[in-house]
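Subject: Structure handover

Hello,

Here is the structure I promised to pass on. Please open it alongside these notes.

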Amino acid sequence: MAGQFDLAGKRVWVAGHRGMVGGAIVRRLAGENCEVLTAGREELDLTDQRAVLDWMRQTRPQAVFLAAARVGGIMANASFPVDFLRDNLLIETAIFTGAQDVGVEKLLFLGSSCIYPKFSDQPIREEALLTGELEPTNQWYAIAKIAGIKLAQAYRQQYGCDYISAMPTNLYGPGDNFDLNASHVLPALIRKVHLAKQTGGAVEVWGTGTPRREFLYVDDCADACVHLMQGYSGDSHINVGSGEDISILDLTRLVMDVLDYAGGEVVTDPTKPDGTPRKLMDNRRLRDLGWSPKVDLREGVARSYQAFLAGDGRNAG
Ligand code: GFB
């Protein structure tokens with residue numbers, strides 16, 4: 001369902017603006033002639049419902065990109081289930097409650113492809129949601145993100161709010177987290193290959209390396225979010241992906257090639273979890289809305305490595 005929404009002249013809050021996705025959305029909004037609102041952690045605790053409501057009543061955003069969340073890779077998710085479930089539920093309920101209270105005209109909630117069942121038919125269509133068991137390592141984050149989708153639907157149904165949801169695939173790019181324990185696979189591999197190249201050592205890959213993952217450069221994701229904010233209004237969440245996936249082992253070799261360490265040794269650590277075997281999403285609905293990605297994986301890895309070297313990201317450089 002098309003839903004034209006003009007950002008020009010509007011007060012637009014990017015919740016989570018210091019994160020990788022939030023930062024990319026702020027970059028993308030520079031070309032939209034709108035007033036971008038942001039609030040740092042030191043100014044606003046997004047898990048504090050009262051504080052969020054007061055802040056929203058003072059600043060009165062007219063549109064919200066809900067990109068704030070506690071995020072992390074497979075080990076972080078498996079290690080801190082309370083943080084990933086509770087903090088994300090608190091953030092979502094605070095911001096949705098405040099948005100309806102102050103009459104936010106349009107809100108886009110950002111979820112994740114981990115919301116889908118572990119063994120979904122591939123590519124995964126939006127209709128697959130809640131049709132099977134979740135992947136145990138990130139079920140906590142998945143439940144919190146599914147709750148966000150349901151909140152958007154509930155506010156649309158009960159109050160007629162134009163709140164929508166986007167489900168990005170695995171994202172990477174400037175502002176990523178390169179910490180070897182907490183990060184996602186792609187930034188971890190960039191840092192591991194960077195370090196291995198300096199010592200001539202092997203590149204360690206968690207798990208078997210056989211799972212497949214889809215990746216989307218974060219600035220493409222931000223562009224898709226603005227596209228949806230401006231042109232989509234509907235009950236269903238929309239998958240945001242590149243439409244291509246790659247095995248972790250082949251991804252490792254691609255990163256080694258881009259970072260000029262193609263001859264390095266690769267070793268796998270089967271004691272680490274593989275997670276879901278595959279989660280390639282069907283992006284037909286987004287393409288039917290007129291959007292397609294611009295940055296391919298090889299180019300995206302090269303840009304991410306430059307960002308890493310420039311210290312653009314947590315534990316980068
Ligand atoms: O990116 P990742 O941590 O998360 O792991 P998921 C993807 C795959 O890469 C897994 C393997 O099979 C990992 O075992 N892998 C290999 C590594 N080497 C490494 C490494 O050094 N670091 C990491 N992190 N992985 C996430 C969810 O699942 O997907 C998040 O946990 C979020 O909540 C995100 O939903 C989109 O792709 O398995």
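A salt bridge here is a side-chain nitrogen of Lys or Arg within 4 Å of a carboxyl oxygen of Asp or Glu. Asp245 and Arg278 make one, with their closest N and O atoms 2.5 Å apart. The two residues come from distant parts of the chain. Asp245 is in strand β11, while Arg278 is in the loop between β12 (266–269) and α9 (284–288). They are 33 residues apart. Keep in mind that this is a predicted model.

Is Asp245 buried or exposed? Buried means under 20% relative accessible area. Asp245 has 17%, so it counts as buried. Arg278 is at 29% and therefore partly exposed.

Salt bridges elsewhere

The structure has 23 salt bridges. Two more of them are described here.

Asp219 pairs with Arg27, and their closest N and O atoms are 2.9 Å apart. This pair also links distant parts of the chain. Asp219 sits in helix α7 (residues 218–231) and Arg27 in helix α1 (residues 20–29). The separation is 192 residues. Asp219 is partly exposed, at 23% relative accessible area. Arg27 is partly exposed too, at 40%.

Next come Asp101 and Arg57. Their side chains meet in a salt bridge, 2.8 Å from N to O. Asp101 belongs to helix α4 (residues 81–102) and Arg57 to helix α2 (residues 49–59), so the pair ties together parts that are 44 residues apart in sequence. Asp101 is partly exposed, with a relative accessible area of 35%. Arg57 is partly exposed as well, at 39%.

There is also a network. Which residues does it join? Arg28, Glu32, Asp223 and Lys294 are brought into one network by salt bridges that share partners.

The β6-β9-β11 sheet

Strand β11, the home of Asp245, is part of an open sheet of 3 strands. The order is β6-β9-β11, and the pairing is mixed. β6 (170–172) and β11 are the edge strands. Each has a single partner strand, so one side of each is left without a neighbour in the sheet. From one strand to the next, the twist averages 50°.

β6 and β9 run parallel and pair over 3 bridges. Asn170 has Phe215, in β9, as its bridge partner.

The second largest pocket

Phe215 turns up again at this pocket. The volume of the second largest pocket is about 190 Å³. It has 14 lining residues, and the closest to its centre are Phe215, Ser242, Glu244, Asp296 and Leu297.

Which strand gives the most to the lining? β9 does, with 4 residues. β9 (212–217) and β11 (245–247) each supply at least two residues of this lining. Both strands are also in the sheet described above.

How does the lining divide by residue type? There are 7 nonpolar residues, 1 polar and 6 charged.

Where to look

For a quick tour, begin at Asp245 and its salt bridge with Arg278. Then follow the strand order β6-β9-β11 across the sheet. Stop at Phe215, one of the residues closest to the centre of the second largest pocket. Finish with the helix pairs: Asp219 in α7 with Arg27 in α1, and Asp101 in α4 with Arg57 in α2.

Best wishes

Definitions and conventions
Residues numbered from 1 in each chain as written. Predicted model: local features only at pLDDT ≥ 70, side-chain atom pairs only at ≥ 80, totals over all residues. Heavy atoms only, no water. 1 Å grid on protein atoms, 1.4 Å probe; cavity = no way out; pocket = protein on both sides within 12 Å on 5 of 7 lines; lining within 4 Å. Points joined across faces, edges and corners; volume = space filled by probe spheres on them. Nonpolar A, V, L, I, M, F, W, Y, C, P; charged D, E, K, R; others polar. Buried < 20%, exposed > 50% of the residue type's maximum accessible area, 1.4 Å probe, protein only. Pairing = 2+ DSSP bridges. Axes fitted to C-alpha atoms, helices over the stretch in contact; angles between N-to-C directions.
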